[in-house]
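Here's a quick tour of a protein–ligand model, starting at the ligand and working outwards. Have the viewer open while you read.

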Amino acid sequence: MLKEALLHIADNPFAFAVGSNELKVRLRAKKEDVARCSLLHSDRYQSEGRESGMALSKVAWDELYDYFEGIIPSDTKRVRYVFLLEGTAGDHLWYGEKGIAVNREGAGYFQFAYITEQDLFTIPDWVHDGIVYQIFPERFYNGDPKNDPPGTLDWDEPLTDWKTYYGGDLAGIEQKLPYLEGLGINVIYMTPVFTSTTNHKYDTTDYYSIDPQFGDLDTVKSLVKEAHSRGIRIIFDAVFNHCGDTFFAFQDVLKNGESSKYADWFFIDSFPVVQRPKTNYETFANSVFSMPKLNTKNPEVREYLLQVARYWIEETGIDGWRLDVANEVDHEFWRAFRKVVKEANPEAVIIGEVWHDSRAWLRGDQFDGVMNYLFKEALNGFFAKQNIGVRTFNNLLTHSRMIYSDQANAAMFNLIDSHDTERFLTACTKGGWGWNEEKQAEGRMKLAAFFQLTYPGMPMIYYGDEVGMEGENDPYCRKPMVWEKELRNESMLDHYRSIISLRKEHPELARGSYETWLEDELKNTYGYIRTYKDQASGLLINNSPKTQVVKLSFPWKQEGDTVTDLITGKKYAVSPDTTVHIDAYGYMVFK
Ligand code: ARE
Ligand code: CA
């Protein structure tokens with residue numbers, strides 16, 4: 001065995017409690033190097049020699065490594081364990097805190113001292129069944145023309161730049177709840193709605209008021225109440241990294257300079273404050289003068305923002321927050337934020353906006369999940385751009401799951417695009433195999449949506465994707481929602497509706513574990529198994545432009561059983577040489 005590749009740390013994400021009396025452990029080894037992985041465990045105070053044994057299973061692999069997992073039960077919550085590995089060459093090694101050794105004494109033990117209730121990473125149960133719909137309110141539906149800002153364009157006028165208004169608002173979202181309920185989603189995440197000077201509202205003027213273009217406090221209350229009555233939860237966007245330059249505190253600094261009592265709310269290099277051509281204060285990104293960065297080290301700022309977080313939950317009953325530029329705000333602030341939010345509503349969810357490895361925020365003390373851009377990158381490369389194959393696709397997904405605990409993986413917002421990226425269908429038109437392109441792009445988009453809707457974590461649908469909207473990067477990914485039946489892609493909409501209801505009917509598709517079933521680089525076919533309690537489904541996708549013949553084995557079935565493809569209803573007998581034909585860009589679900 002390659003000792004250098006073995007890795008376990010008695011800490012998240014290699015060891016994490018999944019219940020008050022259950023510790024999940026994960027071990028990494030060189031790929032195809034370890035034939036069997038087991039461990040001995042006991043209470044930490046137990047005398048040696050009285051440990052229980054337990055086998056771990058291989059749950060995933062990527063380019064270089066295999067990953068093994070198991071759940072150690074512990075009545076006392078105090079866990080001591082040592083791994084025993086058997087190499088594919090028949091050699092044995094022990095692995096504990098002291099190191100890797102051929103004899104058990106040389107390895108010592110790993111210790112998970114105590115599973116404290118306070119440190120347990122808990123996410124609301126509803127999250128496991130969450131299907132999210134992202135709305136950019138200015139562009140979803142104009143429910144109240146009376147609040148339209150001057151110069152509002154007609155809904156069907158082409159979008160030509162990023163400063164225009166179309167009149168979308170909260171009343172519009174409320175009026176379209178029946179549509180969303182029919183689609184099958186059960187969570188709405190909307191980009192910011194507080195008073196601000198832009199259409200995107202990421203530059204907050206007033207954290208305590210709803211932008212009059214969108215509505216007011218009553219409009220929100222009514223929306224939340226009506227959404228809740230339909231089983232739909234509402235998530236707000238918290239822009240706490242920066243405010244708008246129209247925010248009262250920054251205005252005071254602009255006016256009073258160094259003597260402003262808000263001077264320390266920001267990061268100002270010198271006085272007087274200069275906004276253009278280059279700011280002498282920190283902002284979002286590079287010198288975005290309208291977005292001064294907030295100093296969350298200052299207790300007044302911290303308290304102010306925490307009160308905002310509490311106020312909207314208590315006042316309107318919203319179900320959580322998505323956190324803008326979350327990785328540029330200090331961890332201490334987010335820890336305090338979690339306390340406030342979960343105290344106000346233990347069922348609320350917290351989703352950070354972090355585009356990269358987010359381990360530092362996903363230990364149970366800050367966020368529940370993040371906007372899963374690692375997932376997006378994998379799907380974009382595989383289905384849309386077609387510049388990675390099955391193996392790389394699997395490697396990227398494995399990596400994105402193995403860096404997190406189960407809880408974090410379940411609370412991900414799994415997106416394929418957003419208001420900050422080109423639309424997925426547009427990305428699909430840029431990849432592929434060069435013939436019959438339009439049809440293919442649609443087929444690949446549908447396949448990607450199928451995968452997104454059958455993967456662990458919360459699928460997040462960006463408004464309009466389900467009706468075939470296209471658009472390049474910001475601002476063209478923010479065009480007004482297409483509502484006319486003649487203009488929308490009905491076949492795409494049917495597809496979304498049917499895969500969403502498939503996910504709801506079969507709990508393993510939402511709540512189940514995930515295992516790679518099959519990866520065929522040449523045929524571009526990929527399979528995965530989802531298992532939850534006594535339910536299992538094997539899913540097969542064909543990411544190639546032609547029909548493929550695939551030989552399948554069904555490890556969760558016996559020879560002589562039958563499996564049914566839930567998509568076509570067709571039955572197959574389980575035998576050592578069961579083969580199936582799968583259409584170009586087709587998908588099958590065997591149960
Ligand atoms: C506007 C224009 C843009 C123009 C930009 C230049 O629309 O066309 O390029 O100004 O200044 C909001 C608005 C945007 C607006 C922006 C600035 O929605 O329309 O852009 O404010 O006024 C990084 C951050 C990530 C951030 C993205 C955009 O890490 O947090 O950049 N996303 C959030 C929101 C945005 C919002 C803001 C932040 C600001 O979701 O909508 O923008 O409040 C790599 C990097 C990532 C990077 C990503 C995208 O992957 O690793 O860190 O994300 O690229 O650039
Ligand atoms: Ca309006």
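## Around the ligand

Ligand 1 is surrounded by 17 residues, and the closest of them are Asp324, Glu353, His356, Asp420 and Asp474. A residue gets into that shell if one of its heavy atoms lies within 4 Å of the ligand. Before going further, note that this is a predicted model: local features need pLDDT of at least 70, side-chain atom pairs count only at pLDDT 80 or more, and totals for chains, interfaces and linings use all residues. Residues are numbered from 1 along each chain as its sequence is written, chains are lettered from A and ligands numbered from 1 in the order in which they are written, and side-chain values use heavy atoms, with hydrogens and water left out.

What's the make-up of the shell around ligand 1? It splits into seven nonpolar, four polar and six charged residues. In this scheme Ala, Val, Leu, Ile, Met, Phe, Trp, Tyr, Cys and Pro are nonpolar, Asp, Glu, Lys and Arg are charged, and the others, Gly among them, are polar.

Here are some polar contacts, meaning pairs of N or O atoms within 3.5 Å:

| Side chain | Partner | Distance |
|---|---|---|
| histidine 242 | oxygen atom of ligand 1 | 2.9 Å |
| glutamate 353 | oxygen atom of ligand 1 | 2.6 Å |
| histidine 356 | oxygen atom of ligand 1 | 2.5 Å |

On its own, ligand 1 has 940 Å² of accessible area, and the protein covers 66% of that. The areas come from the Shrake-Rupley method with a 1.4 Å probe.

## The chain as a whole

The domain assignment, automatic or from a database, gives domain 1 (3-112), domain 2 (140-240 + 295-505), domain 3 (242-293) and domain 4 (512-590). Domains 2 and 3 both give residues to the shell around ligand 1, so the ligand lies between them. The centres of domain 1 and domain 3, taken over C-alpha atoms, are 52 Å apart.

The chain has 14 helices and 28 strands; these are DSSP runs, helices being H or I with at least four residues and strands E with at least two. Its C-alpha trace spans about 75 × 60 × 45 Å along the principal axes. Of the 591 residues, 59% are buried, that is, under 20% relative accessible area (exposed is over 50%, partly exposed in between; 1.4 Å probe, protein chains only).

Finally, a look at glutamate 97, which sits in the loop between strand 8 (92-96) and strand 9 (99-101). Glutamate 97 counts as exposed because its relative accessibility is 58%.

Methods: A polar contact is a pair of N or O atoms within 3.5 Å; within protein, one must be able to donate a hydrogen and the other to accept it, and residues adjacent in sequence count only if both atoms are side-chain atoms.
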